[in-house]
Amino acid sequence: MTAPAACLTVVETGPLTTVQDAGRLGQGAMGIGRSGACDRGAYRLANRMVGNYDGAAVLEVTFGGLVLRADTDVLLVTTGARSAGVPHNAPLTLAAGEHLVLGPPVTGARTYVAVRGGIDVPAVLGSRSTDLLAGLGPDVLSAGDRLPIGHSAGRMPGVDVAVVPEPEAGEVVVRVQPGPRRDWFTEDAWASLHSQRYTVTSQSNRVGLRLDGVPLERANTNELSSEGMVRGALQIPLSGTPLLFLADHPVTGGYPVVGYVIDEDVDRCGQLRTGQTLRFTTRG
Amino acid sequence: MRVLPSGSDALLIELDDLEEVLAHYTALREECLAGVIDIVPAARTVLLVIDPATTDLGEVGRAVGQLRPRPERQSTGALVEIPVIYDGEDLDEVASVLGCDADEVVRRHAGDAWTVAFCGFAPGFGYLAGASGGWDVPRKSSPRTSVPPGSVALAGEFSGVYPRASPGGWQLIGRTELDVFDLHRDPPALLRPGTPVRFVDVGRS
């Protein structure tokens, strides 16, 4: 008799839970974006803590609310936004029949749940990431889904708990550098980008953060041909207020990118909640 | 050519026209610059995304400066023929913009030699440029909330085929049964940069 395949059952999903990995690389020329975990650092940490190979698929839980039932004994970890009452950044074993219940996060927006062996749903174009903009990859999780767990994992790291900074509450400051269309904006606009406090609006999602603030003034009113961009882009649509692109951003965009949040700081943007304030500082 | 900054891990090469974009894109694909993990051509630009663990932007920028574009190699791969039923809702509007009748629009569209210049907007959505260069069609003033999959359309200097239902502002001139983006095919996207394309008129209804 063979052992039953390792599996997790989704009891509740919270507002949004998706499967994510490192994303689809190198397919931009076909109009396919990278997608993948919004907070790549927390994603990588999650896999390391349970001895998974790089690139294994995990769950990205937005604002908690996920309830999982283990159908067999599983080893898992939560990273990113901490849920009260659940061990965090520390591997734990869930025995068959036990539940993992993620309450609302203390700070931050996105919690990562890695299971030793990885979430083994079928890959689409080389990745198990759900790209919400492109409609590619596994479906968004629903209650009742059964998630197969893979068999392949490496050595456990021998670390009981990882000491990493928690996602920030309140005002967050990130570094920006000039983007390809910096010169499409006035000097005053560039100064304004650095001096104001932007508010994260409720129209924010995995595609990007829609920020509210004083509109930036254009130095010209030319129409831009769509051009390629990567995460961290501060695209300025006609409204004049920035859209900060995250994991599921479009491959190309037709509004000028005034600046880029440096890649190292984009993970922290992926943890911002509606109503938090964001300031930009010169790369230093 | 100008090389513009595009974040910590990318460079944006700005060029004069579509021909230059395709010539550079072809050269970049053939050169396989070390550490470049994605190349995204667009109408006037090529974005290079690097892996910062293996290279840096300075090194890639220098390699780009020494690139020899391949203007002679713009069209690559086998010809894709797209059968079209030319019964699009905007056919008459396009005809009036181009100063001809609907039959003439169909003749020109099916008679032109098209090349996929770049992809974007949605997975597998190719922007096709016509060799005749005679296309200049404004977008709809108000985009449709849903364009059916397989719609064959025009906007600006480009033609395209909607891979699936989506909102869209292009002028619809016809439809095809051909699935231009199929996840069960390898590669899934039929229309990749450089692919030569012909539209074949298979009637109006």
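**Exercise 1. Find the residue that stands opposite A:Val115 in strand E8 of chain A, and work out how E8(A) is paired.**

Step 1. Look across from A:Val115 in E8(A), and you meet A:Leu76. Strands (E, at least two residues) and helices (H or I, at least four) are DSSP runs, numbered from the N terminus. Keep in mind that this is a predicted model, in which local features need pLDDT of at least 70, side-chain atom pairs count only at pLDDT 80 or more, and totals for chains, interfaces and linings use all residues. Residues are numbered from 1 along each chain as its sequence is written, while chains are lettered from A and ligands numbered from 1 in the order in which they are written.

Step 2. Strand E5 (residues 74–80) of chain A runs antiparallel to E8(A), joined by 5 bridges. Two strands pair if DSSP finds at least two bridges between them.

Step 3. Now take strand E3 (residues 58–62) of chain A: it also pairs with E8(A) in the antiparallel sense, over 4 bridges. Here A:Val61 has A:Thr111 as its bridge partner.

**Exercise 2. Explain why strand E8 (residues 110–115) of chain A is described as largely enclosed.**

Step 1. Sort the side chains by direction: A:Arg110, A:Tyr112 and A:Ala114 point one way, and A:Thr111, A:Val113 and A:Val115 the other. In a regular strand the side chains alternate between the two faces of the sheet.

Step 2. Check burial, where buried means 20 or more other C-beta atoms within 10 Å of a residue's own, exposed means 12 or fewer, partly exposed lies in between, and C-beta atoms are placed from the backbone. Because 6 of the 6 residues are buried, the rest of the structure largely encloses E8(A).

**Exercise 3. List contacts of A:Val58, leaving out residues up to four places away in sequence.**

Contact means C-beta atoms, placed from the backbone, within 7 Å. The partners include A:Tyr112, A:Val113 and A:Ala114, along with A:Tyr43 and A:Ile119.

**Exercise 4. Describe the side of chain B that touches chain A.**

Step 1. Count: 31 residues of chain B are in contact with 28 residues of chain A.

Step 2. Find the main contributor: E3(B) gives the largest share, 5 residues.

Step 3. Classify: this side of chain B has 21 nonpolar, 6 polar and 4 charged residues. Ala, Val, Leu, Ile, Met, Phe, Trp, Tyr, Cys and Pro count as nonpolar, Asp, Glu, Lys and Arg as charged, and the others, Gly among them, as polar.

Step 4. Check confidence: the predictor gives the complex an ipTM of 0.93 and a pTM of 0.93.

Methods
Contact = placed C-beta atoms within 7 Å.
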